[in-house]
Amino acid sequence: AGVTNVCDLPREHVSVNLERLFDWDPEIIIMWYNEALDPEDILENPQLKGIRAILDKQVYELPGVFECDFWTLKMINAVRLVSGWAYPDRMAEMDTADRPDVYTLLYGQNFAGEK
């Protein structure tokens, strides 16, 4: 996606304390899909108000795992989303127009469920 992961953690699913998050001071925060937590919740958290991504309102949420599964070709969808959020000027001409092709290739139907 052309971005650098400032976290650089040795494994997935770890808890990070606030001090470490402030040390990283990310320019953008990308969350996994979470039914209980939205980007607005992160943006409105008063404990996070000094972080660059919060100040610039650069907090985004990936769609559900089915749409952006990192272990399948659907990873392309996540890469495009992250690139678009990180580089909106450069990625303006790209959209998810060929996303249905990934679904057709994998499932025999496009994203809208048409055969």
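User: Is Cys7 buried, partly exposed or exposed?
Analyst: In this predicted model, Cys7 has a relative accessible area of 27%. Buried requires under 20% and exposed requires over 50%, so Cys7 counts as partly exposed.

User: Where does Cys7 lie along the chain?
Analyst: Cys7 is in the segment before α1, the helix that spans 18–24.

User: How far apart are Cys7 and Arg20 in space?
Analyst: Their C-alpha atoms are 9.1 Å apart, and 13 residues separate Cys7 and Arg20 in sequence.

User: Changing topic: how many aromatic pairs does a search of the whole structure find?
Analyst: The search finds one aromatic pair. It is formed by Tyr60 and Trp85, whose ring centres are 4.7 Å apart.

User: Why is that pair stacked?
Analyst: The ring planes of Tyr60 and Trp85 are at 5°, and planes under 30 degrees apart count as stacked.

User: Which parts of the chain does the pair link?
Analyst: The pair links distant parts: Tyr60 belongs to strand β2 and Trp85 to helix α4, with these positions 25 residues apart in the sequence count.

User: And Trp85, buried or exposed?
Analyst: Trp85 is buried, because its relative accessible area is 18%, and the cut-off is under 20%.

User: What about the surface: which residues make the nonpolar patch?
Analyst: Trp32, Val65, Phe70, Trp71, Met75 and Val79 make a nonpolar surface patch of about 670 Å².

User: Where is Val65?
Analyst: Val65 sits in the loop between β2 (59–61) and α4 (75–86). Val65 counts as exposed, with 55% relative accessibility.

Key
Residues are numbered from 1 along each chain as its sequence is written. This is a predicted model: local features need pLDDT of at least 70, side-chain atom pairs count only at pLDDT 80 or more; totals for chains, interfaces and linings use all residues. Side-chain values use heavy atoms; hydrogens and water are left out. Patches are made of residues with over 30% relative accessible area and no salt bridge: like charges are joined within 9 Å, nonpolar side chains (Val, Leu, Ile, Met, Phe, Trp, Tyr) within 5 Å. Accessible areas come from the Shrake-Rupley method with a 1.4 Å probe; for residues, only the protein chains shown count as cover. A salt bridge is a side-chain nitrogen of Lys or Arg within 4 Å of a carboxyl oxygen of Asp or Glu. Helices (H or I, at least four residues) and strands (E, at least two) are DSSP runs, numbered from the N terminus. Buried means under 20% relative accessible area, exposed over 50%, partly exposed in between (1.4 Å probe, protein chains only). Rings of Phe, Tyr and Trp (its six-membered ring) pair if their centres lie within 6.5 Å; planes under 30 degrees apart count as stacked, over 60 as edge-to-face and the rest as tilted.
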